[in-house]
Amino acid sequence: MTGRAAADRAAKAKHDGSWRLVAASGTFVALLVTIVAGAGSPPADTTAPERFIVPSDGHPMTVWARRPAAPRATLLLVHGRTWSSRPDFDLQVPGIPRSVMASFAARGIAAYAVDLRGYGATPRDPSGWTTPRRSASDVSNVLAWISRQYPALPRPALVGWSRGAAVAMLAAQSTVARASALVMFGFAYDPDARFAEVDPGPRPAKAPNTRGAASSDFISPKVTPTPVVRAFVDQALRSDPVTADLRGDDEFNDLRPERMTVPTLVIFGERDPGVLPDEATKLLARLGTTEKQLVVIRGADHAAHLEDTHEMWIGAVVGFMERAAGHR
C-alpha cells in the first residue's frame, strides 16, 4: 500500500471506526468528474421532526421524517459509522439552515432517516452488535414501509453517508425493487480490494463518544462555520453518548458493483480524506447500471452536506433524482 493510500485508509478508519480494506491491484478508469458550485439555502425548519417506529424482523427501528404537504418523491437517509440520523441529517444551527431533511422537504421530497440498531433512538440488537447484513436488511424493510405510505409515488431513493453508503449499496443491490436510485456519499472503494474484519473482542465495549470524535469530520475552515461545528458536536453527543459496537465488516465483501441496476450517484467532497478519486472512478465504471454519475463538491470535505456546501450537495442529489426519474 502506498504512503498516500495508507494515510487515506487511516483517515477512513478515523471516520468509520473499525473500517479496514486489504488493497489489491486493478486498472483505473478515467471518467468525467463534475464540480458543482452554488450557494444559498431555504429557511430552516426548526420544529421537531416526525418520529415513527417501524418494525424490522421484530426489532423497533426509529425513523425520523420531514414531509411536505404533497410530496412529489421520497427518500431514505442512512447515517454513518458513529452518529445517528438527527445530528447527521437534521442538524439545527441558529440562523444557519443545515437540516438536510428540511431542505429536501422544501423541494417537495418527503425525507426519512433511519437510526440503525444501537444508534440514536433505536435500541441495540439483542446481540449487542451491529453488522452490515443486519443493517442492510433493516434498511430494505424501512424502504418497503415508506413505499407503502405512498403507493402513487415512485419508490424511494436511498441516500447513504460514509459507512451508511456501503450499507445502502448492500441493500440496493439485493432489493433493487425497493429503491428508485442510490446515492453513495462520502464513500468509495476499490472493487478489487477486500474488506477485512478486525476482531472487536468478545463483548460490546459501549465506549463513550467524545467531543473530539464529533468534530473530526470538519477539516475545511473555509466552508465550516464555527457555529455549525459547535451545534453538531452538542447534538451528536446528545443523540449518541455511547458508541455503537460493530462487527462483521467482512460482510461488505458481499458488495457487487456489477449487480447495481438502479441509477447511482457517487458524490464526495473535494477534500474528503477518506475517498480516493481513482477508486471512485473505478467503482463507477464497474457499476452495472447505465445511469450513473460522479460528483465532486469543490472545497468540501467529509461533511459536505452540513457545511457551506450544503445547498450544492442538496442540488446535486435532487438533480440526480430527477434525472433518474426521467429515465424510468
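Ala, Val, Leu, Ile, Met, Phe, Trp, Tyr, Cys and Pro are counted here as nonpolar, Asp, Glu, Lys and Arg as charged, and the other residues, Gly among them, as polar. In the structure, which is a predicted model, these classes serve to describe the lining of the largest cavity, whose residues divide into six nonpolar, six polar and two charged. One cavity of 30 Å³ or more was counted, and the volume of the largest cavity comes to about 70 Å³. Its lining is made up of 14 residues, and those that lie nearest the centre of the cavity are Leu 116, Thr 130, Ser 135, Arg 163 and Val 167. At least two residues of this lining are supplied by each of helix H4 (132-149) and helix H5 (163-174), and it is H5 that gives the most, with three residues.

A second part of the analysis concerns strand S4 (residues 59-66), of which seven of the eight residues are buried, so that the strand is largely enclosed by the rest of the structure; buried here means a relative accessible area under 20%. Strand S3 (residues 50-56) runs antiparallel to S4 and is joined to it by seven bridges, and within this pairing Val 54 stands opposite Met 61 of S4. The hairpin that S3 and S4 form has two residues between the strands, and in this hairpin Asp 57 takes a positive phi near 50°. S4 also pairs with strand S8 (residues 109-115), again in the antiparallel sense, over five bridges, and here Val 63 stands opposite Val 114 of S8.

Methods: Residues are numbered from 1 along each chain as its sequence is written. This is a predicted model: local features need pLDDT of at least 70, side-chain atom pairs count only at pLDDT 80 or more; totals for chains, interfaces and linings use all residues. Side-chain values use heavy atoms; hydrogens and water are left out. Buried means under 20% relative accessible area, exposed over 50%, partly exposed in between (1.4 Å probe, protein chains only). Helices (H or I, at least four residues) and strands (E, at least two) are DSSP runs, numbered from the N terminus. Two strands pair if DSSP finds at least two bridges between them. On a 1 Å grid over the protein atoms alone, a cavity is a set of points where a 1.4 Å probe fits but cannot get out, and a pocket is an open set with protein on both sides within 12 Å along at least five of seven lines; lining residues have an atom within 4 Å of a point. Grid points are joined across faces, edges and corners, and a volume is the space filled by probe spheres set on the points.
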